[in-house]
Structure formats: structure tokens, C-alpha cells
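Please report on how the parts of this protein chain meet and how its ligand is held.

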Amino acid sequence: MKAFVHENSELKFTDIAKPEVGKGEVIVALKTAGLNRRDTKIPLRRGDAKEPLILGSDGAGIVESVGEGVTAWQVGDEVLINPSLRWYEKSNAPSAKFDILGMPDHGTFAEKICISAEQLEKKPAYLSWQESATVALAGLTGYRALVTKGQIQEGQTVFIPGAGSGVATFLIQFAKQMGARVIVTSRSEEKRRQATEIGADLAIDTNSDWQIELKNECVDLVIESVGRSTFNRSLNVLKQGGRIVVFGATTEDIVDLNLREFFYGQYTLLGTTMGSREELRDMLSFIETHQIHPIIDSVLPLEHTSEAFAKLDESVQFGKIVLQIT
Ligand SMILES: NC(=O)c1ccc[n+]([C@@H]2O[C@H](COP(=O)([O-])OP(=O)(O)OC[C@H]3O[C@@H](n4cnc5c(N)ncnc54)[C@H](OP(=O)(O)O)[C@@H]3O)[C@@H](O)[C@H]2O)c1
């Protein structure tokens, strides 16, 4: 079968053996896959590993065969893949068995995937195949950051730097639907315009003076994923006693933190990553109830995955990039 793999320090679109279904597993013929920032970082993390690894965390497709003992799924079922492996119940943090699909296990950038039957969810009927491939990783991450960790309440103000990111486009729509005031930043005027179109109440330039721009605002919650280039500026616009949730560091991981200002400010800093199956199901039910559609930036064929990676590296996208497989 065709797949996009990392092998011997190289990324390539190639032929790889089809998987064989085992006990408790399902083979899904993938129709679409969704790209995430994580995929672009895997080559660095794997270095010169010799064996091929199929990249990709997000995907949607049709059940092609089921292994011994699988009763929940049947051939022909339309499903999406839950990339948050072996984390089923909502908890403060996952157990040591947790991993994210796409390293070390083979991922979704292929014609087929063999995966535990526990990792499938029914494809929401109102979403297209392209949309279905984008909701699991970014939607789940955003939902847990905003709801479980951020405890957003109707009438509160949430501040989200980096409006164009895949997760941010979900955050904007979720927070707006929950009755929050939504303020975002972007370096791009076009992305600021797009952010207001999908629900942001205010979109400011990432390179402006936020303390001046937001002097009349009361920010209850910051959802941070840009990292070093914005973290301290985000803290500076957070109200005293406010919450800041971090799930990413697109720019740099290491930040300088003035501890005195932090404890005088009575802030709460919360870390989060992905989410449990319980939260994924809550999120899928939430988007279906409110008919929320993921924001898709572009769709490229699987054989053009390298091009999609380059696009993400340049941060030119607004929303999710999809790979069309069949
Ligand atoms: N922990 C988890 O479970 C989890 C899950 C998903 C994602 N993540 C992480 O969360 C982050 C966001 O991921 P994503 O895939 O949704 O989006 P992304 O493509 O990494 O987008 C990052 C956003 O950051 C902004 N940005 C990039 N470079 C910047 C710079 N130098 N200065 C200021 N802003 C900059 C851009 O905003 P503008 O172009 O609008 O200015 C861009 O939209 C990534 O770091 C990713 O690894 C973590």
C-alpha cells in the first residue's frame, strides 16, 4: 500500500506492506488524514532510525476487516481514529500506557491502518470525510484546554494568541458557542479577519502592544500554545487571579518567568496535552449539537504530504490541512 513514511533520516511517499489484523484490532481503509504540528517534528525526534514509520495521528475511513473478539465494529462502518492511545476515562493526567498515534506506532498517512478497536469513534454523519479527519487531535486538545482545564464559563473572556493554528480555530468556535468573549492575536491581517469571521470578538496584531490594545478588557483565561514569543506577554494581560492553560510551544519551549510577579498576580498555570476518550466523546457530541464545522485551510493528495509539511512550517495556514487518501 502507499504511505508517507520516515525512514533513514528521510521523509518519503512509498510502498509499504499492508498491515494484518490481530485480536482486538480493526483495519480501516483511510479516506482522509489530518496534519498536525507534531507530524512535522517526528523526523527530528526519530533522527536516523532505520525502520520505516508511517506518520500521522488523525484520520477517517471505513472499517475493512475486524480481528478476533471485536464486536463493536463491523465491516463498512464509517469511523474516525482517536489518536489519544489507551487513555479512556477523564483524569488529571493519563497513565504511563498513554501515547499519541504516529510514533512509536504506525500512523494515518497511509491507505490502511491497523489499530485497536478501542481507538475508533463513529464518524459524525454531518461532517464530510475531510472534516472528520481533522477533529480528533486538535478538537480534543482544544476542548480539554478550554473546558476541563480552563473551566471556561459563559460571560468570561478568553485570550488566544496565534489565531491561525488548527487548535485555535477550534478554540474560537468552542468558546464562542459557550458564551465567552473571545480575543485572539495573529501576525497576519488576513488571519485576524478570518478569526473574526468564525467568532472572535476582537483580533489584535501579535506584534502590537497588548497592554495598550487590551487596556479595557478583563481576561479571565489565556490559552497559550505559541511559546516563548508570547508567554510572558500573555501573562501580562491576564487579570489578577486568572488562569493560563498551556498545551504547546510552537516558538520555543523555555521561558523566563518572574516568580514574584506570578505569585503577586495569584495566577494559576495549567498544563494539558490531548485528552481522554471520554472528553473526545463529549467534544464530538458538543460539535454535533451545535453543528460546528472544522476550519479547513487546504486539501492535498497524500503524495503531496511534503508540500503540506512545508506549508505548516511557514505558518501560512488558517485552520487544518487535510490529506486526501482515496
Ligand atoms: N499538547 C498537545 O496535545 C498538542 C496538541 C495539538 C497541538 N499542540 C501544539 O500546539 C501548538 C499549536 O498547534 P497547531 O498545530 O494548532 O498550530 P500551529 O500550526 O503550530 O500554529 C501555531 C500558531 O502560532 C503562531 N506563531 C507561529 N510562529 C510564531 C511567532 N514566531 N510569533 C508569534 N506567533 C507565532 C501562528 O499564528 P499566526 O500565524 O496567526 O500569527 C500559528 O498560527 C503547536 O506547538 C503544537 O505542537 C499540542
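Between them, domain 1 and domain 2 bury about 1,200 Å², where buried area is the accessible area (1.4 Å probe) that two parts lose on being put together, summed over both. Of this area, 59% is on carbon and sulfur atoms. I295, S315 and F318 supply 43% of what domain 1 buries against domain 2, more than any other three residues.

The model is predicted: local features need pLDDT of at least 70, side-chain atom pairs count only at pLDDT 80 or more, and totals for chains, interfaces and linings use all residues. Residues are numbered from 1 along each chain as its sequence is written, and side-chain values use heavy atoms, with hydrogens and water left out.

Domain 1 covers 2–134 + 294–324 and domain 2 covers 139–271; these bounds come from an automatic or database domain assignment. The C-alpha centres of the two domains lie 28 Å apart. In contact (heavy atoms within 4.5 Å) are 16 residues of domain 1 and 18 residues of domain 2.

Between the domains there are 6 residue pairs in polar contact, both residues at pLDDT 80 or more. A polar contact is a pair of N or O atoms within 3.5 Å; within protein, one must be able to donate a hydrogen and the other to accept it, and residues adjacent in sequence count only if both atoms are side-chain atoms.

The ligand is surrounded by 27 residues, each with a heavy atom within 4 Å of it. The closest are R37, S186, K191, T273 and M274. Three polar contacts of the ligand are tabulated below.

| Ligand atom | Protein partner | Distance |
|---|---|---|
| oxygen | R37, side-chain N or O | 2.7 Å |
| nitrogen | F247, polar backbone atom | 2.8 Å |
| oxygen | T250, side-chain N or O | 2.8 Å |
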